[in-house]
Amino acid sequence: MNREDFPMLQKEIIYLDNGATTFKPQCVIDAIVDYYSNYCANAHRGDYDISYHVDEQYELTREKVQKFIHAKEKEEIVFTSGDTESLNMIARGFFENILEKEDEILITQSEHASNVLPWFRLAKKIGCQVKYIPLDDQHYVTMENVKKSITPHTKIISLAYITNVIGDKRPIKEICQYAHEHNIFVVVDGAQSVAHKKTDVQDLDVDFLVFSAHKMCGPTGVGVLYGKREFLEELEPINLGGGMNESFDSVDEVLLKPLPTRLEAGTPNIAGVIGLGAAIDYLTSIGMEKIEDYEQHLRRYLVDKMIKIPHIDIINMESDSAIVAFNVEGIFSQDVAYYLNKYNICLRAGNHCAKILKKEVGVTNTCRISLYFYNTEEEIDELIDLLKDKEKIWKEML
Amino acid sequence: MDEFVRREIIMEHYQNPRNKKECHDDSYIKVNTSNASCIDNLDIFVKIDQGKIKDIIFNGEACAISTSSCSIMIESLIGKTIPEVQNFIENFEHMVNEEPYQEEILKEALAYQEIYKQNNRKNCALLPYKGMREILKKIKEDI
């Protein structure tokens, strides 16, 4: 649906790599061009009209994000360069100051690198441990396994809401409830969820949520760090500099601005933030429930056709998102991707930044299809036609 | 080289790669080589004896182009002296990068004569040679 809104969809390609990034609708591109063409000025310098307008638009986006994820206050929304920076800020700026040697951090083996490596570094620095919640047969996180993994030393549970290879949705609300009863923080990586389903941070009761704009029809280089105010107040800025300080006279006399500005040092990605605002307006106008329902329908349509092809192994038969990871029997995933590229079909081959997942599923590399609301049944039919003829793949993969 | 022959050579080496196995022999020099832009990942093990390549073994996960290219490289380089290896690598790289090269040296490796037409696969064909360059560097350091 809504294909006419996307310039990239006017080209003769079938794009099935939405887990990596999404296409941008014209309205997002226009909003960015509008900023650069009509009111290009820095933020926080409201002495003249165009700068005042920048501040208005920039802060308006903060309110849009607040409403979009149902945060309590707009000061709980911090703009960052993306999901990765947000997670690093949380690990270094918040947890590094409160973790102790005997503490444990719980993640899973299906997390993206950005939700693994900051914790590895933190563990190394503090001398504490990173442990894994075991996954069930379908590579899902169950409440039972969460409870079993928690020890008196567990301090943090950090999980993707929806993972980027299996596409399973975690029972975040139940996890938060249980974790909070045991004084454990919950950090949620929303990279693969915020673009595809309704997010309500208050209902879920997460302590931190991070996501990137470019995976939700917005521009690259901008993302969000949401945190409950009481925790953001304690988050030490990693970057110090312009915009975030109130005054400074000497080493001992540095006064920082209040939230959230304190955590946004330097000139922010103004165009990016404004683009994110336009993306949120756009997704809201379609409706997140509608997007989720449509993607579910499309995934079922795809999987029903794929399971009829004997030489295809689907890795994640069960999934709550529009992600299908698979392999063609006897053919390296990258060769399958190259073959499909000859027919202008874009999908991803590899380990998808989930390098420790191989221990769990026993397969290092897969092809991954990740759908979005603008994909169609006709596109899936074309893909299936190309996949069902193994001889053809074999012949044309070079 | 005829297109059909090129394809035959590549597929033959992909399906039956030479010396693709594990190597636990410490007398081999080992490198790991991978491409930032794709998922090919190869370990290459080289045994040198009296200035000549005595043996090469490889292992890892890689696409049809990388795997076959490594297999052909191995067959081509075993028995060669270090300067001959260097010359072979240079000629192969020149071919892939559309620069002048000596056809008669490359033999079966000519199967990648037209790989330059697929930009995204050039690095796959070059990957084992990148690993071999690392090995040469190591040998030089040891001397």
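**Packing of helix α4 and the sheet of chain A**

In this predicted model, the buried residues of helix α4 of chain A pack against α3 (83–98), β3, β4, β5 and β6 of chain A. These buried residues are A:P118, A:W119, A:L122, A:A123 and A:I126. Around the helix axis they cover an arc of only 135 degrees, and therefore lie on the same side of α4(A). The face turned away from this buried side carries the exposed residues A:L117, A:K124 and A:K125. The helix itself comprises residues 117–126 of chain A. Just after α4(A) comes A:G127, whose phi is positive, at about 90 degrees.

With respect to the strands, α4(A) lies across β3 (104–107), β4, β5 (154–160) and β6 of chain A. Its direction runs at about 140 degrees to that of β4(A).

These strands belong to an open sheet of 7 strands in chain A, in the order β2-β8-β7-β6-β5-β3-β4. The pairing within this sheet is mixed. Strands β2 (77–80) and β4 (129–132) of chain A stand at the edges; each has a single partner strand, so one side of each is left without a neighbour in the sheet. From one strand to the next, the twist averages 20 degrees. Within the sheet, β6 (residues 185–189) and β7 (residues 208–212) of chain A pair in the parallel sense, over 3 bridges. In this region, A:V188 has A:L209 in β7(A) as its bridge partner. Helix α2 (residues 49–69) of chain A also packs on the sheet, where it touches β2, β7 and β8 (223–227) of chain A. The direction of α2(A) makes about 115 degrees with that of β2(A).

Taken as a whole, chain A contains 14 helices and 15 strands. Its radius of gyration is 22 Å, close to the 21 Å that the globule rule gives for 398 residues, so chain A is as compact as a globular protein of that length. Along the principal axes, the C-alpha atoms of chain A fill a box of roughly 75 × 55 × 35 Å. Of the 398 residues in chain A, 56% are buried. The accessible surface of the chain comes to about 16,500 Å², and 49% of this surface belongs to carbon and sulfur atoms. Among contacts in chain A between residues at least 6 apart in sequence, 70% join residues at least 24 apart.

Several loops contain distinctive backbone geometry. The peptide bond from A:L259 to A:P260 is cis, with omega near -5 degrees. Residue A:P260 is placed in the loop between β10 (254–256) and α9 (270–286) of chain A. Residue A:N344 has a positive phi, near 60 degrees, although it is a residue other than glycine. A:N344 is found in the loop between α11 (333–341) and β13 (345–346) of chain A, and is partly exposed, with a relative accessible area of 38%.

A positive phi is also present in chain B, where B:E98, not a glycine, has a value of about 60 degrees. The loop that holds B:E98 lies between α3 (82–96) and α4 (103–106) of chain B. B:E98 is exposed, its relative accessible area being 54%.

Terms used
Residues are numbered from 1 along each chain as its sequence is written. Chains are lettered from A and ligands numbered from 1 in the order in which they are written. This is a predicted model: local features need pLDDT of at least 70, side-chain atom pairs count only at pLDDT 80 or more; totals for chains, interfaces and linings use all residues. Side-chain values use heavy atoms; hydrogens and water are left out. Two strands pair if DSSP finds at least two bridges between them. Helices (H or I, at least four residues) and strands (E, at least two) are DSSP runs, numbered from the N terminus. Axes are lines fitted to C-alpha atoms, for helices over the stretch in contact, and angles run from 0 to 180 degrees between N-to-C directions. Contact means heavy atoms within 4.5 Å. Buried means under 20% relative accessible area, exposed over 50%, partly exposed in between (1.4 Å probe, protein chains only). The radius of gyration is taken over C-alpha atoms; the globule rule is 2.2 Å times the number of residues to the power 0.38. Accessible areas come from the Shrake-Rupley method with a 1.4 Å probe; for residues, only the protein chains shown count as cover. The arc is that of the directions from the helix axis to the C-beta atoms.
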